[in-house]
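Student: Could you take me through one part of this model closely, starting from the strands and going on to whatever packs against them and to the metal site?

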Amino acid sequence: MATLKIVKFGDPILRKVSRPVDEITPRIITLLDDMIDTMREAGGCGLAAVQVGVLRRIAVIEVEDGKVIELINPKIIAFAGEQCEQEGCLSNPGEYGITKRPSAVTVRATNRHGEQFEVTGHDLLARAICHECDHLDGKLYTDVQIRALTDKDFR
Ligand code: NI
């Protein structure tokens with residue numbers, strides 16, 4: 001396992017649409033492992049492959065310690081409600097904004113064993129699922145933020 005360099009806002013790769021994974025190769029497994037390492041080392045709760053320079057539809061999420069959700073070719077199949085909460089991105093360290101997102105989201109994806117699964121997330125997990133799926137389409141949280149947070153918000 002290894003940690004990878006995280007691409008920062010302003011890099012044009014973050015605006016590109018990622019390609020689906022059609023075969024789970026050993027390289028994909030290594031990428032997943034390295035992405036988990038990278039996310040944890042950076043202290044984040046989600047990371048998309050594009051953020052480490054790989055334009056593949058892969059993301060990892062860990063909003064609860066030790067419970068990593070690996071998403072290959074994720075697709076949001078249902079959502080409900082609304083929440084306006086704080087959001088940030090490992091590609092934009094130290095910055096946060098308030099975004100409007102669904103309060104519950106169901107995503108369908110493939111795991112590293114090639115099995116399809118569905119997971120429903122509420123609150124933070126719902127935000128994380130939306131945020132990571134957006135990355136795969138070249139979208140950033142700042143595109144949907146209601147307002148940016150400033151130092152004043154944290155005093
Ligand atoms: Ni992000």
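**The sheet and the metal site**

Tutor: In this predicted model, I58 stands opposite I72 in β3. That pair belongs with the contact between strand β2 (residues 58–64) and strand β3 (residues 67–80), which run antiparallel and are joined by five bridges. Both strands are part of an open sheet of five strands, whose order is β1-β2-β3-β6-β7 and whose pairing is antiparallel. At its edges are β1 (46–48) and β7 (116–122), each of which pairs on one side only, and from one strand to the next the twist averages 40°.

Two helices can be placed against this sheet. Helix α1 (residues 26–42) packs on the sheet, where it touches β1, β2 and β3, and its direction makes about 40° with that of β2. Helix α2, in turn, lies across β1, β2, β3, β6 (104–110) and β7, and runs at about 165° to β2.

Helix α2 also leads to the metal site, since H131 and H135 both lie in this helix (residues 123–136), four residues apart, or about one turn of the helix. The nickel ion is coordinated by the NE2 atoms of H131 and H135 together with SG of C89, at 2.0 to 2.2 Å, and along the chain these donors follow the spacing C-x41-H-x3-H. As for the accessibility of the two histidines, H131 counts as buried because its relative accessible area is 6%, under the 20% cut-off, and H135 is likewise buried, at 0% relative accessibility.

Notes. Residues numbered from 1 in each chain as written. Predicted model: local features only at pLDDT ≥ 70, side-chain atom pairs only at ≥ 80, totals over all residues. Heavy atoms only, no water. Donors = N, O, S within 2.8 Å, 3.2 Å for Na, K, Ca; no water. Buried < 20%, exposed > 50% of the residue type's maximum accessible area, 1.4 Å probe, protein only. Pairing = 2+ DSSP bridges. Axes fitted to C-alpha atoms, helices over the stretch in contact; angles between N-to-C directions. Contact = heavy atoms within 4.5 Å.
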